[in-house]
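Please read the following report alongside the sequence and the three-dimensional view. It moves from a single residue to cores, helices and aromatic rings.

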Amino acid sequence: MTPTLQVENLQTQFHSRGGIARAVNDVSFSIAPGEVMGLVGESGSGKSMTGYSIMGLIDPPGEVVGGRVLFNGQDLRQASAEQMRQIRGNRIAMIFQDPMMTLNPVLRIDTQMVEAVLAHQNVSKATALGLARDALVRVGIAAPDERLRSYPHQFSGGMRQRVAIAIALLNRPDLIICDEPTTALDVTIQGQILFEMQKLCRETGTALIWITHDLSVVAGLADTVSVMYAGRIVENGTVEQVLRQPRHPYTYGLIASAPSRNAAGQPLHQIAGSTPSLLKLPDGCAFRDRCGNASAACSQIPETRQLDGRSLRCFHPMEVELCATL
């Protein structure tokens, strides 16, 4: 089966007075139709920048300097501005963490949603309005006819995020990139959104990249998971593989830090140290200064290798099995 998206050796840099920050550093992965991939890691690991790079949304002083982004066989890095305009919001949609990056504060919701449909589909305005109404219902917004006539400032933050998600679903894209879209939502609505996303993937073959730091969401939603650290994917495999038997010390540290894995009344587990500056990454493995398994070999950058059906960047893979609960 041809992948919906295939990212090969993607590299994105930001130029500053302090030097070059390699926000996305030799990232590769692929997603099949209908597959959900979780992209996890600490803040600053490069998760969102990977999504923006795929969408062609990197502005100066940043630039994508290498790699290929193949979407249904087409290299998006070679696409013209007009071609990308036709693809964004139509074949590829992105849901941002801040809904006001999607919504225009001076236009009513119905105007924005209808324009999103008419820009890519040859349908009447009445049909587009019906699609907009149905999309609001799918994300749990009551009284959709009244809400369509509202402005973004008349919604709470969580309601605005639901509208942004509804806009992304309008044209039933082949790929949706979700940048922590349910952070502002309560758990009931979050569960409803996750159900709708899974249903969309099953019914239409839409591929989904879910960027998050919440491993419990990934455990219930995703088929595969990629773990990012300091701009690189350090471990990639199925959810069952990675969350049950993490082989990279960083992956293990993330999972062990989940509150549900810590005993009541005891100090929470945490990874020692902090994420290094992308301007001053240590030589070799970027995680070695925080890793209890580091050795002299870690002064070299580990190459990606296949191990137990997953890809891994580590000289000292762990042998550990965890219970499934997160």
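Does Gln-74 count as buried, partly exposed or exposed? In this predicted model, Gln-74 has a relative accessibility of 33%, and because buried means under 20% and exposed over 50%, the residue counts as partly exposed. Gln-74 is found in strand E5, which covers residues 74-75, and, when its neighbours within four places in sequence are left aside, Gln-74 is in contact with Val-69, Ala-79, Gln-83 and Ile-87. The C-alpha atom of Gln-74 is separated by 36 Å from that of Pro-282, a residue 208 places away along the chain.

**Nonpolar cores**

In soluble globular proteins, nonpolar side chains tend to be buried together. The largest nonpolar core of this model has 62 residues, and within it Met-113 and Met-197 touch the most other members. Helix H6, made of residues 157-169, gives the most to this core, contributing seven residues. A second core, separate from this one, has 29 residues, including Met-94, Ala-207, Met-228 and Ile-233.

Met-113 is one of the buried residues of helix H3 (residues 109-118), where Ile-109, Asp-110, Gln-112, Val-114 and Val-117 are buried as well. The cover over the buried residues of H3 includes helix H4 (125-138), helix H5 (144-148) and H6. For Met-113 itself, leaving aside neighbours within four places in sequence, the contacts are Ala-132, Ala-135, Leu-136, Leu-148, Ala-166, Ile-167 and Leu-170.

**Helices H6 and H7**

Two packed helices are described by the angle between their axes and the distance between the axes. For H6 and helix H7 (residues 187-204), the axes come within 12 Å and cross at roughly 5°. Since angles under 35 degrees count as roughly parallel, H6 and H7 are therefore roughly parallel to each other. On the side of H6 the contact is made by Arg-162, Ile-165 and Leu-169, and on the side of H7 by Ile-189, Ile-193, Met-197 and Leu-200. Sorted by class, the residues in this contact of H6 with H7 are six nonpolar, no polar and one charged.

**Aromatic rings**

A search of the whole structure finds four aromatic pairs, and the table describes two of them, both involving Phe-287.

| Pair | Centre to centre | Angle between planes | Arrangement |
|---|---|---|---|
| Tyr-229 and Phe-287 | 5.2 Å | 85° | edge-to-face |
| Tyr-250 and Phe-287 | 5.3 Å | 65° | edge-to-face |

The pair of Tyr-229 and Phe-287 links distant parts of the chain, 58 residues apart, with Tyr-229 in strand E9 (residues 224-229) and Phe-287 in the loop between helix H10 (249-256) and strand E11 (305-307). Tyr-250 lies in helix H10 and Phe-287 in the loop between H10 and E11, so their pair ties together parts that are 37 residues apart in sequence. Tyr-229, Tyr-250 and Phe-287 form one aromatic cluster. Tyr-229 counts as buried at 3% relative accessibility, Phe-287 counts as buried at 4%, and Tyr-250 counts as buried at 0%.

**Strand E12**

Is Ser-311 buried or exposed? At 15% relative accessibility, Ser-311 counts as buried, because this value falls under 20%. Ser-311 has its place in strand E12, residues 310-312, and, apart from neighbours within four places in sequence, Ser-311 is in contact with Val-234, Glu-235, Asn-236, Thr-304, Arg-305 and Gln-306.

Conventions
Residues are numbered from 1 along each chain as its sequence is written. This is a predicted model: local features need pLDDT of at least 70, side-chain atom pairs count only at pLDDT 80 or more; totals for chains, interfaces and linings use all residues. Side-chain values use heavy atoms; hydrogens and water are left out. A nonpolar core is a set of buried Ala, Val, Leu, Ile, Met, Phe, Trp, Tyr and Cys residues joined through side-chain atoms within 4.5 Å. Buried means under 20% relative accessible area, exposed over 50%, partly exposed in between (1.4 Å probe, protein chains only). Helices (H or I, at least four residues) and strands (E, at least two) are DSSP runs, numbered from the N terminus. Contact means heavy atoms within 4.5 Å. Axes are lines fitted to C-alpha atoms, for helices over the stretch in contact, and angles run from 0 to 180 degrees between N-to-C directions. Angles under 35 degrees count as roughly parallel, over 145 as roughly antiparallel, 65 to 115 as roughly perpendicular and the rest as oblique. Ala, Val, Leu, Ile, Met, Phe, Trp, Tyr, Cys and Pro count as nonpolar, Asp, Glu, Lys and Arg as charged, and the others, Gly among them, as polar. Rings of Phe, Tyr and Trp (its six-membered ring) pair if their centres lie within 6.5 Å; planes under 30 degrees apart count as stacked, over 60 as edge-to-face and the rest as tilted.
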